[in-house]
Amino acid sequence: MNDLLNSLAYMVEPMPMLYCIIGVVAGVVVGAIPGLGGGMLMALVLPATFAMDNLLAQVLLIGIYVGGVTGGLSSAVLIGVPGTPAAVMTAIDGNAMARKGFAARALSIGIMASLFGGIVSWLILAGLSAPLARLASQLQSFDYFVFIALGLILIAFAGQGSVLKSLISGALGISLALVGFDSISATNRFTFGVPSLSNGFDLLAVLIGAFAVRQMLVDSSDGRPVVQQTSARLPEILHELGRPFRHFGNLIRSSLIGTIIGLMPGIGANIGAIVAYSAAKGLSKNREEFGHGSEEALVASESGNNATVGGALVPMIALGIPGSGQDVLLMAALILHQIQPGPLLVSEHPDVFYGIISTYLVANIVTLFVMVLSVRYVRSVLSVPKYLLVPLVLMMCTVGVISTNNRVEDTAIMFAFGVLGLFMSWFRFPLAPFVIGFILAPLAEERLRTAAGTARGNWLELLMTPVPLAAIAILIVIGLTSLIGRKHFRTEIGTQPKKP
Amino acid sequence: MRDIFSGALLTVFSVLMYWRATLIENPGYDLLGPGFFPKLAIAMMGVLSAMLLCVAVFRRFQNTEAAGDVKQLNRLLAPDFRRQSLIVLLLGMYVFVLISGLANFEVASVLFMLTGGAVLAPLRVKSLIILGVTAVLAVAAISYTFRSILFVNLP
């Protein structure tokens, strides 16, 4: 408790506060621009964090993360285009409200609901992380390997799109992470005689390529700016800030749903928003208003999507298993500073552990002020044409990769992974399992080899312990639920009358 | 069609990578050896890719009537591949020029921004002027910041 209070006190000092404000402002602006999002900016900023204090680097990145998720609200309400996937449901009802002339009300509800969702998930993050980390520190090597494997499989089943493609994406990430020198056996793997491949693929170059370059290449399909349609004034926004509390039950329920969804690896803020929205619609007395400018819908969507961020931070700091693509970037920033996230983080680096928790709370509060004050300016950012943005960001990605190791050759890795990301986008392969697989593969391999050595190859002895057995049970339940769900879905589709 | 192509490509890739993984020698420092985990991951990828290919082929033969609708839908969803391909090509050339040292960072970056922007910009004089000014100013600012303040060894 003292550690938490100390880190909260540290967060209100000028330097961390400044980094937090910079991060949140940048996140809000980038989050508002459709197609960009906080993840891309985090990848772009990652090389710069190398020279920073490790905690300040986390403050900056979490600021961008939280700001990016909430920032999507502005464009979703004002122009009906979600700045981030997390704002998809917000765009439906938020923009409908704006079109009816209630843009300020929609923004106020979204801003306050986001803060509320963030605070609820922070309470769970603060309460659950340390006990979970202590429990996890008692796990054996094989248990840890099972957790990583389970996390990757859960991502595939719970994420959007094809399960098969998600699993392939994760396996591809794992395979590419194994290129290079194996320190245990002093052997090169998949280097094809190229000496520079012995170092493997540089993590930063891979992340910048997979996130930022890929996003820019995808966005380069058209060069048009986003068109403005409506606006909101500051006094109106301030006047309506208390409105979400008229739906208090909905706020609490959606925030809890978002947090629980966030706890599951790889699901993401968009699913948190969709599930919270669906629950709110199912329980509402005014279901017919959903989709046509419903306040309840907006409350559910915004509190749900923001709460997933706090939930996703729990497995990242307590177990070292990233819950989302953005968490991978937070982990990468820690690894750059020689800090391994996971069960030992709370005992070895309590300042970082509690610093991350405190930053999340402060970033949410800062986001409230930034959102209220920045809405009118965000509108002008939305009009930046892509023909300026795309080449500029691609050039900055290149400079960022070069500056990390002062090595221009890394730009080839960035380019290759950017193109790979584009191919994955064309063929509808999700990116999150790929990057999570890439970052977790070395750790998973090390744990598996240690466990096999300890058990002297007796796999039955390894499997017949509580954690692997529980994991197998979870997998069977998930597999069956998924099969039944799909069959039910197909039956429902099949029974629908055909249109003439 | 996309799934058939990606499934086939990944299956072939997995087979080749698995073959390479079998060539990794085990010096015997640990029980599993350096080849075990790559073989496990690649075998998993290969099996899943083959499954994706089979499912896609099966669906294609089963739903021949719907193939036209799927094609139409894919066409609607498909981004502008030509523009994207040009940007990929330009980025590849930019990276190649930087690595090979054919031009320094400033020249290569201004050219990349101008050509990349021109591919995406509407063909209007005003847009091209804005693009030119932005390219020169942005490259100058980035070059000064990284070379003089952050002491990064830009090519």
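These legends go with a set of close-ups of a predicted model with chains A and B.

**View 1. Chain B is built from helices.** Chain B has six helices and zero strands. Reading from the N terminus, the order of elements is simply α-α-α-α-α-α. Of the 155 residues in chain B, 35% are buried. Take the contacts in chain B between residues at least 6 apart in sequence, and 57% of them turn out to join residues at least 24 apart.

**View 2. Where chain B meets chain A.** Here 67 residues of chain B touch 60 residues of chain A. Together the two chains bury about 5,400 Å², and carbon and sulfur atoms account for 81% of that area. Which three residues of chain B give more of its buried area against chain A than any other three? They are B:Phe37, B:Gln84 and B:Leu120, with 12% of the area that chain B buries there.

**View 3. Polar links across the interface, and the helices behind them.** Between chain B and chain A the count is one salt bridge. It joins the side chains of A:Lys165 and B:Asp3, with 2.6 Å from N to O. Seven residue pairs are in polar contact across the interface, both partners at pLDDT 80 or more. On the chain B side, at least two residues each come from helix 1 (2–22), helix 2 (36–62), helix 3 (67–77), helix 4 (81–100), helix 5 (105–120) and helix 6 (125–149). Helix 2 of chain B supplies the largest share of the side that touches chain A, with 12 residues.

**View 4. A:Lys165 and the ring of A:Phe429.** Stay with A:Lys165, the partner of B:Asp3 in the salt bridge. A:Lys165 also sits over the face of A:Phe429, 5.3 Å from the ring centre.

**View 5. A:Phe116 and two aromatic partners.** Over all chains, the structure has 13 aromatic pairs. One of them is A:Phe116 with A:Phe245, an edge-to-face pair at 5.9 Å centre to centre and 75 degrees between the planes. A:Phe116 belongs to helix 6 (residues 103–136) of chain A, while A:Phe245 is in the loop between helix 10 (234–239) and helix 11 (248–263), so this pair ties together parts that lie 129 residues apart in sequence. How buried or exposed is A:Phe116? A:Phe116 has 15% relative accessibility and therefore counts as buried, whereas A:Phe245 is partly exposed at 38%.

A:Phe116 pairs with A:Phe248 too, again edge-to-face, at 5.6 Å centre to centre and 75 degrees between the planes. A:Phe248 is in helix 11 of chain A and A:Phe116 in helix 6, so this contact ties together parts 132 residues apart in sequence. With 43% relative accessibility, A:Phe248 counts as partly exposed.

**View 6. A four-phenylalanine cluster in chain A.** The rings to look for are A:Phe201, A:Phe417, A:Phe434 and A:Phe438, which form one aromatic cluster.

**View 7. A:Pro322, a buried loop residue.** Look for A:Pro322 in the chain A loop that runs between helix 13 (295–319) and helix 14 (325–336). Why does A:Pro322 count as buried? Because its relative accessibility is 0%, and the cut-off for buried is under 20%. A:Ile148 is 174 residues away from A:Pro322 along the chain, yet their C-alpha atoms are separated by 9.6 Å.

Notes: Residues are numbered from 1 along each chain as its sequence is written. Chains are lettered from A and ligands numbered from 1 in the order in which they are written. This is a predicted model: local features need pLDDT of at least 70, side-chain atom pairs count only at pLDDT 80 or more; totals for chains, interfaces and linings use all residues. Side-chain values use heavy atoms; hydrogens and water are left out. Helices (H or I, at least four residues) and strands (E, at least two) are DSSP runs, numbered from the N terminus. Buried means under 20% relative accessible area, exposed over 50%, partly exposed in between (1.4 Å probe, protein chains only). Rings of Phe, Tyr and Trp (its six-membered ring) pair if their centres lie within 6.5 Å; planes under 30 degrees apart count as stacked, over 60 as edge-to-face and the rest as tilted. A charge sits over a ring if NZ of Lys or CZ of Arg is within 6 Å of the ring centre and within 35 degrees of the ring normal. Contact means heavy atoms within 4.5 Å. Buried area is the accessible area (1.4 Å probe) that two parts lose on being put together, summed over both. A salt bridge is a side-chain nitrogen of Lys or Arg within 4 Å of a carboxyl oxygen of Asp or Glu. A polar contact is a pair of N or O atoms within 3.5 Å; within protein, one must be able to donate a hydrogen and the other to accept it, and residues adjacent in sequence count only if both atoms are side-chain atoms.
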